[in-house]
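Biologist: Could you take me through one part of this model in detail, namely the region around helix 8, and say what it packs against and what its neighbours do? I would like a connected account rather than a list.

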Amino acid sequence: MIEKILLANSGTGHTEEMLKALMEIPAIKPASVTVLHVVPPQVNADEMTTKWEEGGKFLATAIQSLQLDPNHVTAMLRQGDPKTTVCEVADEINADLIVMGSRGLKRLESILENSVSQYVFQLSNRPMLLVKDDIYVKKLNKVMIALDASEAAKQCLKLALFLLRDVKGGQLVLAHVNAKGQETPAAVESALASATAEAKKFGLSCKTVSASGKAGEQICNLAEENNVDLLMLGSPDRRPSIAKALPDLDRLLGTSLSDYVRVYAPCPVLLARTVG
C-alpha cells in the first residue's frame, strides 16, 4: 500500500528520524524513497549557483544519514516555491506518502508565516505524515486511530493494519470521541467492533479508548494519555476538483479537526486522505 515515499526535507526538524522509524517497519522496508530539497528562486546567478551547491551538499549529507539501500533511494534537487514544488513532485513520482516537518503553527499563523506543510496538506490528496519540530520521534509500535463510522476512518484503519501487521509487539489503539449529535451509538459500536475484528485477523493487540467533548482536544488528550508513537486520522478531501488550486479557508483558519490535531498532537500525525 505504501511503495513510494516522498521525504520533503528542509534541513530542520525531525523528518529524517521519522523516516528511519518508518523504514524499520517490515511492510515499509521495500518502499522506494525520494528525498526532495527545494531551492527557492534567487535574485542573481551567483546566488543561485551558491544555493544549488549548498542544496547538493545538503542532499548528500541527508542520504548518508538515512543509510538507505542505494537502489531504493533517489535524491532530487528542484528550484521553485516549496509549497507547489512538493505537490508537483508528489504527483510526478505518484507518491503513496508525503513525509514533512511542521512548525505546528496555529490557525491564521500558518497563512501569515507561509506554512509549507499546511499548504501542501491543502493542495494534495495524498496521505501525509507530519512531524512537528518540538516532538520526540519514537519507534513505531503503538499506533492510535481516531475512529468513527466514516469512510475516511475506514481508509485510515486499512493503512494502520498495513503498517502494523508484521510489527512485533505492535498495538492498535482505537479512539472514539463522543461528540454530541455526530453519530448514532449503534454506528459507532459497529465501527469499533469491525475494527477490532480486523485487528485480530492480523494477530494485533487492540485497545479501545473513548472520551466525550470536543473531538480535536480529546483525540490529542487520548494520544498523550496512552503514550502513542503515531496518531492516524482520516481526512477526507472535501473540495471539488475545480477548487483544487484554491486554499480551503475553513481548514486554513483552523476550524477543522485535522488542523487542530496537526497543531496540538503530542506525536507524529499521519493524515490518511480519501476523496469525497
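Modeller: What follows begins with the packing of one pair of helices and then moves to a cysteine, a salt bridge and some other parts of the chain. Please keep in mind throughout that this is a predicted model.

Helix 8, which covers residues 215-225, packs with helix 10, residues 257-264, their axes coming within 9 Å and crossing at roughly 35°, and the crossing is right-handed. On the helix 8 side the contact is made by A215, G216, E217, I219 and C220, while helix 10 contributes L257, Y260, V261 and Y264. Sorted by character, the residues of this contact divide into seven nonpolar, one polar and one charged.

C220, one of the helix 8 residues in that contact, also leads to the question of disulfides. The closest cysteine sulfur to that of C267 belongs to C220, but the two are 8.1 Å apart, and because a disulfide needs the sulfur atoms within 2.5 Å, this pair is too far for a bond. C267 is itself buried, with a relative accessible area of 5%, and the count for the model comes to zero disulfides.

Between helix 8 and strand 9 (230-237) runs a loop that holds D229, whereas K138 lies in the loop between strand 5 (128-132) and strand 6 (142-146). These two residues form a salt bridge, the closest N and O atoms being 3.3 Å apart, and the pair therefore ties together parts that are 91 residues apart in sequence. D229 is buried at a relative accessible area of 9%, while K138, at 25%, counts as partly exposed.

This salt bridge belongs to a count of eight, and another one, between K51 and E54, has its closest N and O atoms 3.7 Å apart. Here the partners are three residues apart in helix 2, which means that about one helical turn separates them. Both are partly exposed, K51 with a relative accessible area of 34% and E54 with 43%.

Helix 2 (residues 45-66) has a helix partner as well, since its axis and that of helix 1 (residues 15-23) come within 10 Å and cross at roughly 35°, again in a right-handed crossing. E16, L19 and K20 of helix 1 meet A62, S65 and L66 of helix 2, and the residues of this contact divide into three nonpolar, one polar and two charged.

Notes
Residues are numbered from 1 along each chain as its sequence is written. This is a predicted model: local features need pLDDT of at least 70, side-chain atom pairs count only at pLDDT 80 or more; totals for chains, interfaces and linings use all residues. Side-chain values use heavy atoms; hydrogens and water are left out. Buried means under 20% relative accessible area, exposed over 50%, partly exposed in between (1.4 Å probe, protein chains only). Axes are lines fitted to C-alpha atoms, for helices over the stretch in contact, and angles run from 0 to 180 degrees between N-to-C directions. Helices (H or I, at least four residues) and strands (E, at least two) are DSSP runs, numbered from the N terminus. A crossing is left-handed if the near helix is turned anticlockwise from the far one by less than a right angle, and right-handed if clockwise. Contact means heavy atoms within 4.5 Å. Ala, Val, Leu, Ile, Met, Phe, Trp, Tyr, Cys and Pro count as nonpolar, Asp, Glu, Lys and Arg as charged, and the others, Gly among them, as polar. A salt bridge is a side-chain nitrogen of Lys or Arg within 4 Å of a carboxyl oxygen of Asp or Glu.
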